[in-house]
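Reader: Could you take me through how the features of a two-chain model are read, with the cut-offs stated as we go?
Author: Gladly; let us look at the model together.

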Number of protein chains: 2
Amino acid sequence: MKTRIDLTAEQIAHLAGLVEGRISTHQSVLEQHSHDESAFVPVLPSAVVMVQSTEEVSAVLAYCNSEKIPVVAFGAGTSLEGHVVPLHGGVSVDLSNMEKIIEVRPDDLCVRVEPGVHRMALNAKLANEGLFFSVDPGADATIGGMCATGAAGTTTVRYGSMRENVMALTAVLADGTVINTGRATRKLSAGYDLTRLLIGSEGTLAVITEVTLRVFGIPEKMAAAVVRFPHLTDGVAAATAIVKMGIAVARCEFLDAKCIKYLNSYDSLTLVEAPTLFFEFHGSPRGVEEDAMSVQEIVREFDGTDFEWTSEENQRRKLWSARHNSHWATLAAHPGKKSVSTDMAVPLSRLAEAVALAERTLSQHSFPHSILGHVADGNFHCQIITDPAIKGQTEEIRKVVSEITFKIIAMGGTCTGEHGIGAGKIDSLVSETGAEAVDVMRSIKKALDPNGILNPGKIFTLAD
Amino acid sequence: MKTRIDLTAEQIAHLAGLVEGRISTHQSVLEQHSHDESAFVPVLPSAVVMVQSTEEVSAVLAYCNSEKIPVVAFGAGTSLEGHVVPLHGGVSVDLSNMEKIIEVRPDDLCVRVEPGVHRMALNAKLANEGLFFSVDPGADATIGGMCATGAAGTTTVRYGSMRENVMALTAVLADGTVINTGRATRKLSAGYDLTRLLIGSEGTLAVITEVTLRVFGIPEKMAAAVVRFPHLTDGVAAATAIVKMGIAVARCEFLDAKCIKYLNSYDSLTLVEAPTLFFEFHGSPRGVEEDAMSVQEIVREFDGTDFEWTSEENQRRKLWSARHNSHWATLAAHPGKKSVSTDMAVPLSRLAEAVALAERTLSQHSFPHSILGHVADGNFHCQIITDPAIKGQTEEIRKVVSEITFKIIAMGGTCTGEHGIGAGKIDSLVSETGAEAVDVMRSIKKALDPNGILNPGKIFTLAD
């Protein structure tokens, strides 16, 4: 699929008939569906279809498949690798109207939702039942989008990523076939794990239309802590030591001095601008206290100072809200600019070295950048500012990132811990897992979507 | 593939040349590879090949593929759904010589092993480093087999099943292609999750030849507890309540009075013969004490009595060793017999009802049976004794099991939490996940193994 597909008037009329007229070709709507949060060049879809049910998605896909029209599923548009950019035109299928929380099941510790539900709205609802959904990327993404990218967040170290928290899916294949995968059970070994095959498949295998998520009881006690370090690598090494000791931290996030500066400005905080770890502890009151004490002892060995902890709810929330805003805080400090976010992860023992390598390489260039990460998981992000007005700058940054990425892969790392491959890391994926494994992915794609209509140009290239 | 394939002398000679002569057609060797721990009727392979490397597996598979010879991978032969039974003859590829622990990486909390490594040998080695591998099915299975069936165990409630603990794989496809999936990183979102597609694929997609596993530090403090209940369902309901309270038990196992009786006899224990929960707590000394106190309070509400706990290491080990022996303890009480083990799992809130349903249905028949389970995960097993000498008895038991299974599926449950589909639950899988999802599994199978040589007759049927 090399060319751009634009819909004919007849095709638009046919699609309109499938969704009670909820189709748009207005410029502003097309623009809204042309990009995500990344610096990828926007591409307009030919039309945007607003779907409201699994049946509508099925009808739209069956038709697009018969007409070989590319389809990109769209949720909140908060992805970071160009996932929702309709590289080949066609239809953007917007699922944001499918935002019902279908069923909260406190006794089964699970919830069934439509894919357009946002994670924050879900948690607002769950809080009434004393429950929470743990996966928290920075953005207020939709659950469907979080499934599609295999999202993770600050609590993954304790509660897992989407892979560990999705129990069951309803999804529509390219030809309109509706499938159900998984069950609302905590264990399952029934045939191929299609649930986890779809998680992280970035809209290339199916469109997800219903999700059953695992949820947790809100812990009896939660407390946050902040500690500062003289150097970037001290903080990272301290986090790794804590994980190795088996202390069950609920969150453990690293932010460099520049991140802290941006957060102070964006969220009116007064944190000292130094490399910093944010922690959170969940459990029984005594357990939390014991964990915090153990962590304080360890960070001291890595020259961590000014350990401050709080179980005051407002302060705790403010801290994490600031952490979740870091992407926008960084952009706000650079008005009119965009950013390239890396997402490498390495084996735990290589993290300090990997972060130092990234910092050293980026320092040789003049692009503003900051580093932060889910360090207890060995996963870190460099947010690099690019000026879309300067021709070739984003490409230059991508070249530098690529150089770092290949070194990280050589260290046994991955090019992406949680953002996915999208349009930007197709070569990195081959380098990381090998052409043979990518060929297996391609075979699966061809078996399930022989016309290649679902999100073409993402994860891998398909021969025509 | 409907017929039995027997190898020609020429084919045997060719295979012998690929593995330095390590091929056998001795009756005793064929018999050893004709069955697993289940009551499925044994079927002899035509030959058994002992492989020693990924390269040899690749050569053997490439040849078998070109000759359309069925291949079944064999590890310890401890599966419970006939997985390793070579239904269509052909070659049993025995990986038990591939038992090197290649690399222990304490600083990365992972270990790289060959597939023939047994879980107990691995843990003996890891203990030297203060580490443990958490997944513990009853049997001393091989790591490769545990990957293939998506195994779980008594600690899954805390540490996850194989799905959560395998980081990376090397595997050989039907045509001999070697692929690498995943990385030794704690997070990964790089393309389709081939690691988890292979886990639980029961040898039908590839033969696993190397595994990178996540390991954990041995907790500072471990303590076990035992508590008795007047009725089966009280114990189950207590376990569910504990999970809902968010108490991080490390193990929570239910055993009915008959199980306890068999264990007493097999392991020289003196437990009171009543429905019983076995618990384990992991953590800091104060955390463990606090958890045990909370659990004691909850079980009291469900008429749990005689709460006894111990942190004495020998007693703790003895308790869990007995639990792991329950399969053999039950068989030992019925000399010359075999057993059919069910493996249903339900949403947490339905567990007491599901166990009561199973108990009620089985009580209407005369087959000896006992019930036990990983109740904090909603997963339970009925072990039903069958006499292979009585014609049709196993089939009759399977009919009763099937009746229970379809009711469990109607309750939102699964036919298998950890044992897999194998040869015995092909119909249940369709009923559970739908013909459309099974068709997707079949498409993936056809894309990766077009000749259908890998473990034919398991998970689903393939049209010729």
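The dialogue below takes up the chain contact, a sheet, a helix pair and two loop residues.

Reader: What should I keep in mind about the origin and numbering of this model?
Author: The model is predicted, so that local features need pLDDT of at least 70 and side-chain atom pairs count only at pLDDT 80 or more, while totals for chains, interfaces and linings use all residues. Residues are numbered from 1 along each chain as its sequence is written, and chains are lettered from A and ligands numbered from 1 in the order in which they are written.

Reader: Which rotation superposes chain A on chain B?
Author: Copies are superposed by least squares on the C-alpha atoms of residues with pLDDT of at least 70 in both. Here a rotation of 180° with 0.0 Å of shift along its axis brings chain A onto chain B, with an RMSD of 0.0 Å. That is the relation of a two-fold axis. Within chain A, the residue closest to the rotation axis is A:Gly287, at 2.6 Å for its C-alpha.

Reader: How many residues does the contact take from each chain?
Author: Two residues are in contact if their C-beta atoms, placed from the backbone, lie within 7 Å; by that criterion, 75 residues come from chain A and 75 residues from chain B. Among the elements that give two or more residues to the side of chain A that touches chain B are α11 (285–301) and α16 (426–433) of chain A, helices being DSSP runs of H or I with at least four residues, and strands runs of E with at least two, numbered from the N terminus. The most is given by α17(A), with ten residues. By class, this side of chain A has 29 nonpolar, 29 polar and 17 charged residues, where Ala, Val, Leu, Ile, Met, Phe, Trp, Tyr, Cys and Pro count as nonpolar, Asp, Glu, Lys and Arg as charged, and the others, Gly among them, as polar. The copies meet through the same surface, because 100% of the interface residues of chain A are also interface residues in chain B.

Reader: What is the order of the strands in the open sheet of chain B?
Author: Two strands pair if DSSP finds at least two bridges between them. In chain B five strands form the open sheet β5-β6-β10-β8-β9, with antiparallel pairing, and its edge strands, β5 (101–105) and β9, each pair on one side only. Strands β8 (residues 166–173) and β9 (residues 178–182) of chain B pair over five bridges; B:Val172 has B:Val178 as its bridge partner, and B:Ala171 stands opposite B:Ile179. The two strands form a hairpin with four residues between them, and B:Gly176 in the turn has a positive phi of about 95°.

Reader: How is a helix pair such as α16(B) and α17(B) described?
Author: Two packed helices are described by the angle between their axes and the distance between the axes. The axes are lines fitted to C-alpha atoms, for helices over the stretch in contact, and angles run from 0 to 180 degrees between N-to-C directions. Helices α16 and α17 of chain B pack at an angle of about 120°, with their axes 6 Å apart. They are therefore oblique to each other, given that angles under 35 degrees count as roughly parallel, over 145 as roughly antiparallel, 65 to 115 as roughly perpendicular and the rest as oblique. Residues of this contact include B:Leu429 of α16(B) and B:Val438 of α17(B).

Reader: Is A:Glu20 buried or exposed?
Author: A residue is buried if 20 or more other C-beta atoms, placed from the backbone, lie within 10 Å of its own, exposed if 12 or fewer, and partly exposed in between. A:Glu20 counts as exposed, with 10 C-beta neighbours inside 10 Å, and its phi is near 50°, a positive value in a residue other than glycine.
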